[in-house]
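This report describes how the ligand is held by the protein and what spaces the protein encloses. It begins with the polar contacts of the ligand and then turns to the pocket and the cavities.

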Amino acid sequence: MIQATEKIWHNGRMIPWDEARVHVLTHALHYGTSVFEGIRCYSTPEGPAIFRAKEHVRRLFDSCKVYRMDDFAFTQEELVAALRELVNTNGLDSCYLRPIAFRGYGEVGVLSLKNPIEIYIACWEWGKYLGPEALEKGVDVCVSSWTRLAPNTLPAIAKVAANYMNSQLIKMEAVLNGYSEGIALDASGYVSEGSGENIFVVRDGKVYTPPLGNSVLPGVTRDTVMQLGCGIGLEFVEQMIPREMLYIADEVFFTGTAAEITPIRSVDKIPIGSGMRGPVTERLQREFELLLALQSPDHHGWLTFVHAPKAVPA
Ligand code: PPE
């Protein structure tokens, strides 16, 4: 069960957690008209820091634009400020933040252009997405019998609620068959992504990931891993990945805000590499940890500190 926090941000105001309610005829509830983000705030030696807040808010705006939902009253800077204010108000040191913008109550029917856009941001403490041992031991996954969204059906670049019905089919099938997660192929049969994660394959020292054309969400963690990896001399290749490349890989791992960098130790019961977390995956996890521990410089400005920096004595 989700652990309630005190306040939720709604259209610019802080409201009590229990009062963040909607009418049953809310458009989003019937037609999936909702875009959202998932962001982590980490505890650092300088207090809580929101990871890549600007990039997540930008993706929220991109998703809204695709669905003609961008006529609302807040700027990207204001939403980043709202994220900070919310973590501060709830007095949390680390948490997961969930901004959501959706078409609210008004007309019923497919066309939603006249329905008001409501924006909420909730946050709560969220543990390890694929189980407590996943980051170290790795997870067992399957290739899903469900295909990811075909181009020209639902846009994969937009992070919208409707896309997650496909994710739910992938995830339910995987879990009910005893796996932690499912990997979906795209409509042409190439590797796409997990139900809630991007995927990377390591072979002979090169790191492969599907390009956006294979129906993947442009993951913020995907980008983080590529930038951190380039910084330590890894070579990344964005290319179409045939399913069998998963089986013969040296390493496979997932990336995502919730999943972070999760090693995959088997696919369809075929052990990947040594069947344990591989050295490239571990090195990338380490780079990520160093950044969050403020032991390596934040060259990219990825950390948004919740509290103003302490004044330096003169
Ligand atoms: N693909 C999908 C389909 C996806 O949902 C996510 C995030 C990613 C890739 C990775 O994106 P990013 O978080 O920007 O690196 N999934 C979010 C929601 C998971 C959920 O169960 O809810 C997340 O990780 O926050």
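In this predicted model, a polar side-chain atom of Glu-193 is placed 2.7 Å from a nitrogen atom of the ligand. On its own the ligand would expose 550 Å², and the protein buries 93% of that area. Lys-159 likewise directs a polar side-chain atom to a nitrogen atom of the ligand, at 3.3 Å. With Arg-59 the ligand partner is an oxygen atom, which lies 2.8 Å from an N or O atom in the side chain. The three contacts are set out below.

| Residue | Ligand atom | Distance |
|---|---|---|
| Glu-193 | nitrogen | 2.7 Å |
| Lys-159 | nitrogen | 3.3 Å |
| Arg-59 | oxygen | 2.8 Å |

**Shell around the ligand**

The ligand is surrounded by 22 residues, and those that come nearest are Tyr-96, Tyr-129, Tyr-164, Thr-221 and Thr-257. By class, this shell contains six nonpolar, ten polar and six charged residues. At least two shell residues are supplied by each of helix H2 (53-66), strand S6 (95-103), helix H6 (220-231) and strand S14 (251-256).

**The largest pocket**

Which space holds the ligand? The ligand sits in the largest pocket, whose volume is about 630 Å³. A total of 32 residues line this pocket, and Phe-36, Tyr-96, Arg-98, Lys-159 and Tyr-164 lie nearest its centre. Two or more lining residues come from each of strand S3 (34-36), H2, S6, helix H5 (163-176), strand S10 (191-194), H6 and S14. Among these elements, H5 gives the most to the lining, with four residues. The lining is made up of ten nonpolar, 14 polar and eight charged residues.

Some residues recur in these descriptions. Tyr-96 and Tyr-164 are among the residues that come nearest the ligand and also among those nearest the centre of the pocket. Lys-159, which has a polar side-chain atom 3.3 Å from a ligand nitrogen, is another of the residues nearest that centre.

**Enclosed cavities**

How many cavities of 30 Å³ or more does the model contain? The count comes to four. The largest cavity holds about 60 Å³ of space. Its lining consists of Arg-40, Tyr-42, Phe-51, His-56, Thr-221, Gly-256, Thr-257, Glu-260 and Phe-288. By class, these are three nonpolar, four polar and two charged residues. Thr-221 and Thr-257 appear in this lining and also among the residues that come nearest the ligand.

The second largest cavity has a volume of about 50 Å³. Of its 13 lining residues, Pro-263, Ile-264, Met-276, Arg-277 and Gly-278 are the closest to the centre. S14 and strand S15 (260-267) each supply at least two residues of this lining, and S15 has the largest share, with three residues. The class composition is five nonpolar, three polar and five charged residues. S14 thus contributes at least two residues to the lining of the second largest cavity, and it also gives two or more to the lining of the largest pocket.

Conventions. Residues numbered from 1 in each chain as written. Predicted model: local features only at pLDDT ≥ 70, side-chain atom pairs only at ≥ 80, totals over all residues. Heavy atoms only, no water. Near = heavy atom within 4 Å. Polar contact = N/O pair within 3.5 Å; in protein donor to acceptor, adjacent residues only side chain to side chain. Areas by Shrake-Rupley, 256 points an atom, 1.4 Å probe, with all protein chains shown as cover. 1 Å grid on protein atoms, 1.4 Å probe; cavity = no way out; pocket = protein on both sides within 12 Å on 5 of 7 lines; lining within 4 Å. Sits in = over half its atoms within 2 Å of the grid points. Nonpolar A, V, L, I, M, F, W, Y, C, P; charged D, E, K, R; others polar. Points joined across faces, edges and corners; volume = space filled by probe spheres on them.
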